[in-house]
Amino acid sequence: VSRATATGDRRFPAGFLWGSATASYQVEGAVNEDGRGKTVWDTFSHTAGKTHNGDTGDVSTDSYHRYAEDIALMKDLGLKTCRFSVAWSRIFPDGAGQPNPKGIDHYRKFCQALRAAGIEPWCTLYHWDLPQALEDKGGWQNRETAKLFADYAGYTAGKLADVCSHFMTMNEISTFVELGYGNGIHAPGLKLSRGKLAQVRHHAVLAHGLAVQAIRAAAPHVKVGSAENLTAVVPVFDSPEHVAAAKKATVEENAGYLTVMRTGRYTDQYLQTLGADAPEFTQEEMKAIGSPLDFQGLNIYTATYARAVKNAKGYDIVGNPASYPHMESPWLTVGPDALYWAPRLANECWDLKEIYITENGCSSADVVAGDGHIYDTDRVMYLRNYLTHLQRATSEGVPVKGYFLWSLLDNFEWADGYDKRFGITYVDFKTQKRTPKLSSEFYRNLIARNSL
Ligand code: PNW
């Protein structure tokens, strides 16, 4: 067993699962192939003014065709696992009805190729690419979408269960709800009222819960979880009162997402704050939403600071000054200790038992140097610091079992298009040439030694 000591043992626990993560619309391309149906991201990215430069995922890294090359990169890194997502509209082109066998075939072949390379596939069933046909019927504003998602999730997990052992229902419900239906920055680009937004949020967590039940029914032996980007609360400094405040904030700041998914209950504060805008729900729905999970995935990029105050909530969220550092993406403020506090406090709140960091990583300006290398020293600095805090968590017994770096490749970064690069592998989008960056070397080294 590895334990941190005053003499500086910086090992991760034996068997720690090192991986990378990607998502269907961000890497696949091949949008018109093998019967794939249109999604909200096809529509959105082809609408003028919605993405940087009018960029789309039409081709991206072409990973639908080039996955063998991607897997070779993973193998070279020594990855033990790969997190990918299935495009709902490749399985059910209109979201429901007759399945398209070519869709399952593709992901089967992909999983088999991963396994042949000694890499365990981890599958996300929804990474924001809602079939357009369902959006046309109200999308996540329509409760029926939750039911159809569960049908698709159960069907797909059942078909892939023999080649894939771990399934995550949805990726970052909070991001696609708040950005897609709240401020309109992501597809489908809506800006709903507070009440309608709360109902969308409810339908999305319900979809997660119903999908957990459907996956368990269709594939009793697979492990089921989700990948949620909680608001990662960090105490302004490590004193008992601020830590207690950060714990309270972890529950309340995530009330509409992780908290309700882990407890099957909206907090009193959440319902009171919404008042007449609170969502409609039944007890049966709440039970589904709180369905027990085998593991919890946490996507963690930034820290949100809380301090203890004597108000009704018992805490305050503290904003950052303009001088606070960030990575290439302005929203990506640097908060390495989020990777210590978020798993620790989430575990204290909900007794999670098995935690995976399902995403962490950053954008960098990534200049190709004169010698052809990409020296992304800022990304290496970011990873080294965040992982130092993760190692502290594991050494104190927080049950974090693995880490998935976002991302293997530069890819379609949603509304930012190809302007923001998150890969540890550089992609020349004209030639599709892949070049490992300095951060790839760092990650390979870390994995080989299982130690910082
Ligand atoms: C996550 N924010 O998205 C997603 O799961 C990935 O698809 C994405 O590429 C990655 O992080 C990097 O952005 C986020 O504005 C997008 O706070 C935006 C935010 C957070 C996460």
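These are my notebook entries on the ligand site and the aromatic rings of this structure.

**Entry 1, the model.** I am working with a predicted model, and I kept that in mind throughout.

**Entry 2, the ligand's place.** I first looked up where the ligand sits, and it is in the largest pocket. Then I listed its neighbours: Gln26, His127, Trp128, Asn171, Glu172, Tyr301, Trp331, Glu359, Trp406, Glu413, Trp414 and Phe422. Sorted by class, this shell has 6 nonpolar, 3 polar and 3 charged residues.

**Entry 3, polar contacts.** Which side chains bring a polar atom to an oxygen atom of the ligand? I noted glutamate 413 at 2.6 Å, glutamine 26 at 2.7 Å and tryptophan 406 at 3.2 Å. I also checked how much of the ligand is covered: taken alone it exposes 450 Å², and the protein buries 86% of that.

**Entry 4, aromatic rings.** Next I turned to the rings, where the count comes to 40 aromatic pairs. I followed one cluster, in which ring pairs link Tyr25, Trp41, Phe44, Trp128, Phe412, Trp414, Tyr418 and Phe429. Happily, this ties back to my ligand list: Trp128 and Trp414 belong to the cluster and are also among the residues around the ligand.

**Entry 5, a charge over a ring.** Which ring does the charged end of arginine 392 sit over? I found that it is the ring of tyrosine 340, with the charged end 3.7 Å from the ring's centre.

Methods: Residues numbered from 1 in each chain as written. Predicted model: local features only at pLDDT ≥ 70, side-chain atom pairs only at ≥ 80, totals over all residues. Heavy atoms only, no water. Near = heavy atom within 4 Å. Polar contact = N/O pair within 3.5 Å; in protein donor to acceptor, adjacent residues only side chain to side chain. Areas by Shrake-Rupley, 256 points an atom, 1.4 Å probe, with all protein chains shown as cover. 1 Å grid on protein atoms, 1.4 Å probe; cavity = no way out; pocket = protein on both sides within 12 Å on 5 of 7 lines; lining within 4 Å. Sits in = over half its atoms within 2 Å of the grid points. Nonpolar A, V, L, I, M, F, W, Y, C, P; charged D, E, K, R; others polar. Phe/Tyr/Trp six-rings, centres within 6.5 Å; stacked < 30°, edge-to-face > 60°. Lys NZ or Arg CZ within 6 Å of the ring centre and 35° of its normal.
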